[in-house]
Amino acid sequence: MSRINYDSMSDVELKQYFLKHREDQAAFQAYLDRINQRPRRIVASPDAPDFDEKVQAAIRQKLEAVRSSSQQANTALEPTDQD
């Protein structure tokens, strides 16, 4: 059996791979290692007076980013007049 090069996979590819191959603990560990190496973005400290607003703004921003990427993916799949 050939060894799989997880480093050559994008984050999305690696996630899809380990979801399809749940028995592959090395793939899961490679994904966790990759995710844990990323710097964490601090939205607000718990004692900040505007904590709720900052958290809600961060959630809205994330939702908008997901919606935007989803719309772009759907647009790319739509047939053109030339099809």
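A salt bridge is taken here as a side-chain nitrogen of Lys or Arg within 4 Å of a carboxyl oxygen of Asp or Glu. The model is a predicted one, in which local features need pLDDT of at least 70, side-chain atom pairs count only at pLDDT 80 or more, and totals for chains, interfaces and linings use all residues. Residues are numbered from 1 along each chain as its sequence is written, and side-chain values use heavy atoms, with hydrogens and water left out.

By the salt-bridge criterion, the structure holds 4 such pairs. One of them joins Lys 54 to Asp 50, at 3.7 Å from N to O. Accessibility is given relative to a 1.4 Å probe and protein chains only, with buried meaning under 20% relative accessible area, exposed over 50%, and partly exposed in between. Lys 54, at 35%, is partly exposed, and so is Asp 50, at 30%.

A salt bridge of 3.0 Å (N to O) brings Glu 64 and Arg 67 together. Helices (H or I, at least four residues) and strands (E, at least two) are DSSP runs, numbered from the N terminus. Glu 64 and Arg 67 both sit in helix 3, 3 residues apart, or about one turn of the helix. It is worth recalling that an α-helix has 3.6 residues a turn, so residues three or four places apart point the same way. Glu 64 is partly exposed at 47% relative accessible area, and Arg 67 is likewise partly exposed at 45%.

Asp 11 and Arg 38 also form a salt bridge, with an N to O distance of 1.8 Å. This pair ties distant parts of the chain, since Asp 11 belongs to helix 1 and Arg 38 to the loop between helix 2 and helix 3 (51-77), 27 residues apart. Asp 11 counts as partly exposed at 28%, as does Arg 38 at 36%. Together with Arg 34, these two residues are linked in a network of salt bridges.

Arg 34 leads on to helix 2, where Ala 27, Tyr 31 and Arg 34 are buried. They cover an arc of only 65° around the axis (the arc being that of the directions from the helix axis to the C-beta atoms), which puts them on the same side of helix 2. The opposite face of helix 2 carries the exposed residues Gln 25 and Gln 37. The expected span of a helix is 1.5 Å times one less than its number of residues; for the 13 residues of helix 2 (residues 25-37) this gives 18 Å, in agreement with end C-alpha atoms 18 Å apart.

Helix 1 (11-20) is among the elements covering the buried residues of helix 2. Its own buried residues are Leu 14, Tyr 17 and Phe 18. These cover an arc of only 90° around the axis, which puts them on the same side of helix 1. They pack against helix 2, whereas the face turned away carries the exposed residues Val 12 and Lys 20.

Finally, Asp 24 lies in the loop between helix 1 and helix 2. Asp 24 is buried yet has no salt bridge; with Lys and Arg counted as positive, Asp and Glu as negative, and His and the chain ends not counted, the nearest side chain of opposite charge is Arg 3, 7.1 Å away. A polar contact is a pair of N or O atoms within 3.5 Å; within protein, one must be able to donate a hydrogen and the other to accept it, and residues adjacent in sequence count only if both atoms are side-chain atoms. One such contact, of 2.7 Å, joins the side chains of Asp 24 and Tyr 6. At the start of helix 2, a side-chain oxygen of Asp 24 comes within 3.2 Å of the backbone nitrogen of Ala 26. Beyond its neighbours within four places in sequence, Asp 24 is in contact (heavy atoms within 4.5 Å) with Tyr 6 and Tyr 17.
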